[in-house]
Amino acid sequence: MADEEKSLVEILEENNPIDLARFINYVSAPQAGAVATFSGTTRDTFEGKTVIELRYEAYIPMAIRELKSICSSARLSWNIHSIAVAHRLGCVPVGETSVFVAVSAVHRGDALDACKFLIDELKASVPIWKKEVYSNGEVWKENTEFLERREEIGKTSSRTVEVERHGKKGCCGAKVKVSEVAAITKETEQEN
């Protein structure tokens with residue numbers, strides 16, 4: 001089975017909850033001794049404000065392409081069996097899951113590190129936008145990972161930033177190339 005066949009990537013339209021069991025079942029396999037998951041849920045408060053819901057929008061073709069690229073990068077760094085990534089769009093009420101990542105591997109270290117890498121890279125580079133709706137207003141939010149990535153790119157003179165591997169024990173695997181937004185935009189324009 002090709003690497004891409006072992007990856008399930010979905011952007012779910014509004015009012016379509018994530019079936020966690022479906023994604024866990026997708027990555028489960030007899031040869032996988034570990035399944036690591038991350039479930040991002042809407043919390044009820046943020047900095048003292050009451051949160052009613054989150055609203056997500058995305059440029060779906062680019063989001064799916066970027067998610068598949070992140071999955072491929074993870075496979076270069078860890079010995080992964082399967083990957084499943086899902087993100088909801090539209091309104092996500094308090095207590096419901098907006099993003100889910102599941103990774104299976106022979107060993108737990110690979111599964112755990114790859115899972116962390118996948119959610120961090122998703123937050124940093126996938127064109128999915130979040131609005132927090134409070135009891136007294138709403139605001140579009142930038143992910144911390146995105147802001148940090150933008151700072152990294154601004155500090156380098158090259159068109160890519162390389163994150164060096166911090167040994168086998170930690171995140172982020174072998175060198176991970178992060179393209180500037182301009183390069184991604186240019187690629188998108190060439191496709192149209």
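## Close-up views of a predicted model

**View 1. Ser125 and its polar partners.** A polar contact of 3.2 Å links the side chain of Ser125 to the side chain of Glu66. One thing to keep in mind from here on: this is a predicted model. Ser125 belongs to helix α3, which covers residues 108-125. There's also a link to the backbone here: a polar atom of the Ser125 side chain sits 2.9 Å from the backbone oxygen of Glu121.

**View 2. The whole chain, before zooming in again.** How many helices and strands does the protein chain have? The tally is five helices and eleven strands. The chain runs to 192 residues, and 44% of them count as buried. Take the contacts between residues at least 6 apart in sequence: 70% of these join residues at least 24 apart. On the outside, the chain exposes about 10600 Å², and carbon and sulfur atoms supply 50% of that area.

**View 3. Phe23 meets Phe100.** Two aromatic pairs turn up in this structure. In one of them, the ring centres of Phe23 and Phe100 are 6.5 Å apart and the planes stand at 55°, so this pair counts as tilted. If you're wondering what makes that angle "tilted", 55° is neither under 30 degrees, which would be stacked, nor over 60, which would be edge-to-face. The partners come from distant parts of the chain: Phe23 sits in helix α1 and Phe100 in strand β7 (residues 97-105), with their positions 77 residues apart in sequence. Are these two buried or exposed? Phe23 and Phe100 are both buried.

**View 4. Trp78 meets Phe117.** Here's another tilted aromatic pair, with Trp78 and Phe117 at 5.4 Å centre to centre and 50° between the planes. Trp78 is in the loop between α2 (60-77) and β5 (80-88), while Phe117 is in helix α3, so the pair ties together parts of the chain 39 residues apart in sequence. Trp78 is buried, with a relative accessible area of 4%. Phe117 is buried too, at 2%.

**View 5. Arg55 and its neighbours.** Look for Arg55 in strand β4, which spans residues 49-58. Which residues does Arg55 touch, leaving out those up to four places away in sequence? The list is Gly90, Cys91, Trp129, Lys130, Lys131, Val133, Glu138 and Trp140. Glu132 is worth finding as well: its C-alpha atom is 6.6 Å from that of Arg55, although the two residues are 77 apart along the chain. Even with those neighbours, Arg55 counts as partly exposed, at 30% relative accessibility.

**View 6. A network of salt bridges.** The structure holds seven salt bridges, and this view shows some of them. Arg55 and Glu53 meet side chain to side chain in one, with N to O at 2.7 Å. Why does Glu53 count as buried? Its relative accessible area is 14%, and buried means under 20%. Another salt bridge, at 3.1 Å from N to O, brings together the side chains of Glu138 and Lys131. Glu138 is partly exposed, with a relative accessible area of 44%, whereas Lys131 counts as buried at 14%. Through salt bridges that share partners, Glu53, Arg55, Lys131 and Glu138 become one network.

**View 7. A salt bridge along helix α3.** Back in helix α3, Asp120 and Lys116 are four residues apart, or about one turn of the helix. Their side chains meet in a salt bridge, with N to O at 2.6 Å. Lys116 counts as partly exposed, at 45% relative accessibility.

**View 8. A nonpolar patch on the surface.** Which residues make up this patch? The members are Leu20, Ile24 and Val35, and together they have about 190 Å² of accessible area. Leu20 lies in helix α1, which covers residues 20-27. At 30% relative accessibility, Leu20 counts as partly exposed.

Terms used
Residues are numbered from 1 along each chain as its sequence is written. This is a predicted model: local features need pLDDT of at least 70, side-chain atom pairs count only at pLDDT 80 or more; totals for chains, interfaces and linings use all residues. Side-chain values use heavy atoms; hydrogens and water are left out. Helices (H or I, at least four residues) and strands (E, at least two) are DSSP runs, numbered from the N terminus. Buried means under 20% relative accessible area, exposed over 50%, partly exposed in between (1.4 Å probe, protein chains only). Contact means heavy atoms within 4.5 Å. Patches are made of residues with over 30% relative accessible area and no salt bridge: like charges are joined within 9 Å, nonpolar side chains (Val, Leu, Ile, Met, Phe, Trp, Tyr) within 5 Å. Accessible areas come from the Shrake-Rupley method with a 1.4 Å probe; for residues, only the protein chains shown count as cover. A salt bridge is a side-chain nitrogen of Lys or Arg within 4 Å of a carboxyl oxygen of Asp or Glu. A polar contact is a pair of N or O atoms within 3.5 Å; within protein, one must be able to donate a hydrogen and the other to accept it, and residues adjacent in sequence count only if both atoms are side-chain atoms. Rings of Phe, Tyr and Trp (its six-membered ring) pair if their centres lie within 6.5 Å; planes under 30 degrees apart count as stacked, over 60 as edge-to-face and the rest as tilted.
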